Amino acid sequence: MSIRLTADGFSLSVGSAPGGSRPLQAEERYGIAPESLAMELHRALTRPRIVDYRYQRVELVADTPSTFLPLEDFRSSEVPSIYRLCFPQAEVRSEEIHYELLPSQEMVVLFTADARCVRTVHSLYPEAALRSFQGMLLEEAAEATRHTRGSGRHLFATIGRERMCICQTGKGTKPFACAYEAAHDSDRLYYILSVWKTLELDATRDVLHLQGASEELHEKLGQYVHEII
């Protein structure tokens, strides 16, 4: 089971049973006011259909503003101060600032998660893993890159409603990952092309992977990048 937590709600999805091919529950989103988030999450997790199953794995995935650090520069004692430096307007307590090590990428992602929701999930599923959505995207990109052929480099951009994550990973490349506040296609176009230029990617040889992009954004990017997946 995957519980995806955002600032204004959460979503639940349940994978298939052993031997099954279809998910038991597709991702279902709940828009909730922040003050009621933990209560409504508890209610959703204790519904008959949810509690009837035993789960092989439970993940609480925080889709919240995040930032990345090289593993060599990481000090756990500095996590709260670094996060606040990157997000000076964030009103979060130190206990709500977390980090996730990504050893295969030699990076660390810093993110936040509502403390009440974390306690709610762990009270029902003590073994539940707390993860960063952006960290998961980076690992998925790395896995996709391992299955590609050719000498071209690959840039991945995942578009959300208000944020987007851009990353580059793979053999022969320096890992790059950054999350941006971008609620409009004009901002998304700017950030993607800016990163493309900064990383000195080649418009005819390298590949852009888009997830969640509108048709209009896809078409505009096609004016600058030859191969978009």
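This is a short talk on a few parts of one protein chain, taken from a predicted model.

Hi everyone, thanks for coming. Let me start with how far we can trust the picture. The average pLDDT over the protein chain is 87, and 93% of the residues score at least 70. Where is confidence lowest, and where is it highest? The low end is strand S3, residues 25-31, with a mean of 62, while the high end is helix H6, residues 185-198, at 96. A word of caution here: where pLDDT is low, the predicted coordinates should not be read in detail. I will leave S3 alone today.

Now please find strand S7, residues 107-112. Is it buried or exposed? Of its 6 residues, 6 are buried, so the rest of the structure largely encloses this strand. You can follow the side chains along it: Met107, Val109 and Phe111 point one way, Val108, Leu110 and Thr112 point the other way, and all of them are buried.

What does S7 pair with? One partner is strand S5, residues 67-70, which runs antiparallel to S7 and is joined to it by 4 bridges. If you want a landmark there, look for Leu69, which sits opposite Val108 of S7. Another partner is strand S6, residues 97-102, again antiparallel, this time over 6 bridges. Here Ile97 has Thr112 of S7 as its bridge partner. S6 and S7 form a hairpin with 4 residues between the strands, and in that hairpin Glu106 has a positive phi near 55°.

Next, helix H3, residues 79-86. Its buried residues are Val79, Ile82 and Tyr83. Looking down the axis of H3, you would see these buried residues fall within an arc of 100°, so they line one face of the helix. That fits a familiar rule: an α-helix has 3.6 residues a turn, so residues three or four places apart point the same way. And what covers those buried residues of H3? The cover includes our strands S5, S6 and S7.

On to the aromatics. The structure holds 6 aromatic pairs. One of them is Phe74 with Tyr99, a tilted pair at 4.8 Å centre to centre and 55° between the planes. The pair links distant parts of the chain, as Phe74 lies in the loop between S5 and H3, Tyr99 lies in strand S6, and the two are 25 residues apart. Their surroundings are worth a look too: Phe74 counts as buried, at 14% relative accessibility, whereas Tyr99 is partly exposed at 39%. Elsewhere, Tyr53, Tyr55 and Tyr125 make up one aromatic cluster.

Let me also show you Ala62, in strand S4, residues 59-62. With a relative accessibility of 1%, Ala62 counts as buried. Which residues does Ala62 contact, leaving aside neighbours within four places in sequence? The list is Leu5, Phe111, Thr112, Ala113, Arg131, Ser132, Phe133 and Gln134. You will recognise Phe111 and Thr112 from S7.

Finally, back to helix H6, where we find Asp185. The Asp185 side chain makes a polar contact of 2.9 Å with the side chain of Arg188, and another polar contact, of 2.6 Å, joins it to the side chain of Ser214. Not counting residues up to four places away in sequence, Asp185 touches Ser214, Glu216 and Leu217.

That's my tour. Happy to take questions!

Key. Residues are numbered from 1 along each chain as its sequence is written. This is a predicted model: local features need pLDDT of at least 70, side-chain atom pairs count only at pLDDT 80 or more; totals for chains, interfaces and linings use all residues. Side-chain values use heavy atoms; hydrogens and water are left out. Buried means under 20% relative accessible area, exposed over 50%, partly exposed in between (1.4 Å probe, protein chains only). Two strands pair if DSSP finds at least two bridges between them. pLDDT is the predictor's confidence in each residue, from 0 to 100. A polar contact is a pair of N or O atoms within 3.5 Å; within protein, one must be able to donate a hydrogen and the other to accept it, and residues adjacent in sequence count only if both atoms are side-chain atoms. Contact means heavy atoms within 4.5 Å. The arc is that of the directions from the helix axis to the C-beta atoms. Rings of Phe, Tyr and Trp (its six-membered ring) pair if their centres lie within 6.5 Å; planes under 30 degrees apart count as stacked, over 60 as edge-to-face and the rest as tilted.
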